[in-house]
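Welcome! Here is a short, friendly briefing on the charged side chains of this protein and the partners they meet.

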Amino acid sequence: MPLLHFHLIKGSRTTDEVGTLLDAAHGAMLAAFKVPERDRYQLVSEHDATHMIIQDTGLDIPRTNKVVLLQVVSRPRPKEQIAEFYRLLAEALETKSGLKPSDLMVSIVQNADEHWSFGCGRAQFLTGEL
């Protein structure tokens with residue numbers, strides 16, 4: 001964990017481009033959140049362009065059909081780690097996949113340890129397995 005859910009416009013990327021996007025995001029998460037390498041939980045949902053409206057809250061941020069909305073579900077993190085994640089993510093995605101920082105929107109939703117089960121019907125954070 002964290003769980004990263006990417007929302008993309010359908011047909012805006014090839015399979016390889018999606019893989020590069022996921023790899024770059026995982027690297028940024030590892031660096032910022034200091035989680036184990038195999039702590040990788042990622043989903044990709046593709047939407048028709050008419051079903052994904054990502055504006056800019058009046059900030060005059062230009063968007064293209066390459067826009068990515070990333071929802072992150074995570075246990076609480078210090079504000080400094082979150083800010084570092086945003087920065088590293090934008091840099092990695094631009095460097096490795098060509099995504100303009102203006103085409104990246106991120107929302108982090110925090111939850112508690114008891115809200116995670118990694119399988120086998122147990123809450124591993126609560127049982128001490130993690």
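Is Glu84 buried or exposed, or does Glu84 fall in between? With a relative accessible area of 30%, Glu84 counts as partly exposed, because the in-between class covers residues that are neither under 20% nor over 50%. Keep in mind that this is a predicted model. Across the whole structure, a search finds 7 salt bridges, and the points below introduce some of them.

**Within helix H2**
- Glu84 and Arg87 meet through their side chains in a salt bridge, at 2.7 Å from N to O.
- Both residues belong to helix H2, where they sit 3 residues apart, or about one turn of the helix.
- Arg87 is partly exposed too, at 39% relative accessibility.

**Between distant parts of the chain**
- Another salt bridge pairs the side chains of Asp113 and Arg75, with 2.9 Å from N to O.
- This pair links distant parts of the chain, as its residues are 38 apart.
- Asp113 lies in the loop between strand S4 (104-110) and helix H3 (124-127), while Arg75 lies in the loop between strand S3 (68-74) and helix H2 (79-97).
- Asp113 is partly exposed at 24% relative accessibility, and Arg75 is partly exposed with a relative accessible area of 25%.

**One more pair, and a network**
- The side chains of Glu129 and Arg122 also form a salt bridge, at 2.9 Å from N to O.
- Glu129 is partly exposed at 41% relative accessibility, and Arg122 is partly exposed at 36%.
- Elsewhere, salt bridges with shared partners join Glu84, Arg87 and Glu91 into one network.

How values were computed. Residues numbered from 1 in each chain as written. Predicted model: local features only at pLDDT ≥ 70, side-chain atom pairs only at ≥ 80, totals over all residues. Heavy atoms only, no water. Salt bridge = Lys/Arg side-chain N within 4 Å of Asp/Glu carboxyl O. Helix = DSSP H or I, 4+ residues; strand = E, 2+ residues; numbered from the N terminus. Buried < 20%, exposed > 50% of the residue type's maximum accessible area, 1.4 Å probe, protein only.
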